Amino acid sequence: MEKAGCSISDNFMKAVHCDKQISGGYLRGEGIMVCANYMNLQDEVNQVVIHELIHAYDDCRAANLDWTNCAHHACSEIRAGHLSGDCHYKREILRGFMKLRGHEQECVRRRVMKSVMGNPHCSEAAAKDAMEAVWDVCYNDTKPFDRAP
């Protein structure tokens with residue numbers, strides 16, 4: 001994050017008690033929260049932190065990122081879902097989704113829709129349209145995991 005030009009405070013990541021059944025989240029200016037009361041395994045905590053760090057990185061590198069804009073939100077969710085390993089086939093099997101081909105993109109799409117529809121500024125139709133509009137660019141954007149040639 002600091003290489004991208006963003007400073008991180010000492011309390012950037014917090015374990016908190018959440019009322020809603022979510023695993024965590026990222027809030028601009030506040031950092032990453034992990035809902036400790038819904039975590040059972042260290043692997044779950046790691047997964048949430050990686051996912052939310054991608055949102056924080058996106059927020060850092062895009063000076064004009066607007067979380068109320070459905071396309072901006074969808075893009076960051078696509079990147080977080082794809083790059084964090086959220087949709088690894090083993091996780092999908094544990095969630096009860098079994099598909100041999102195309103499971104990863106289907107999972108990312110499903111999880112993007114769930115998250116963006118939770119944005120009060122995005123209806124289901126707006127979330128779907130936004131996701132489809134930004135899919136190719138955002139799915140193929142692998143920063144900061146790009147490797148220099």
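User: What is a disulfide, and which cysteine does C75 pair with in this structure?

Analyst: A disulfide is a pair of cysteine sulfur atoms within 2.5 Å. In this predicted model, C75 meets that criterion with C138, their sulfur atoms lying 2.0 Å apart. The torsion about this S-S bond is about -105 degrees, so the disulfide is left-handed. It links distant parts of the chain, with C75 in helix α2 and C138 in helix α5 (residues 124-139), 63 residues apart. Both C75 and C138 are buried.

User: How many disulfides are there by this rule, and what pattern do they follow?

Analyst: The count comes to 5 disulfides. Counting bonded cysteines along the chain, the pattern is 1-4, 2-3, 5-9, 6-10, 7-8.

User: Which cysteine is joined to C6, and where do the two partners lie?

Analyst: C6 is joined to C60, with 1.7 Å between their sulfur atoms. The link is right-handed, with 105 degrees about the S-S bond. C6 belongs to the segment before β1 (13-16) and C60 to helix α1, 54 residues apart.

User: How should the arrangement of helices α1 and α2 be read?

Analyst: Angles of 65 to 115 degrees count as roughly perpendicular and those over 145 as roughly antiparallel. Here the axes of α1 (residues 42-61) and α2 (residues 70-83) cross at roughly 140 degrees and come within 9 Å; the two helices are therefore oblique to each other. The crossing is right-handed. Among the contact residues are H51 and I54 of α1, and S76 and E77 of α2. By class, the contact residues divide into 4 nonpolar, 4 polar and 4 charged.

Key. Residues are numbered from 1 along each chain as its sequence is written. This is a predicted model: local features need pLDDT of at least 70, side-chain atom pairs count only at pLDDT 80 or more; totals for chains, interfaces and linings use all residues. Side-chain values use heavy atoms; hydrogens and water are left out. Axes are lines fitted to C-alpha atoms, for helices over the stretch in contact, and angles run from 0 to 180 degrees between N-to-C directions. Helices (H or I, at least four residues) and strands (E, at least two) are DSSP runs, numbered from the N terminus. Angles under 35 degrees count as roughly parallel, over 145 as roughly antiparallel, 65 to 115 as roughly perpendicular and the rest as oblique. A crossing is left-handed if the near helix is turned anticlockwise from the far one by less than a right angle, and right-handed if clockwise. Contact means heavy atoms within 4.5 Å. Ala, Val, Leu, Ile, Met, Phe, Trp, Tyr, Cys and Pro count as nonpolar, Asp, Glu, Lys and Arg as charged, and the others, Gly among them, as polar. Buried means under 20% relative accessible area, exposed over 50%, partly exposed in between (1.4 Å probe, protein chains only).
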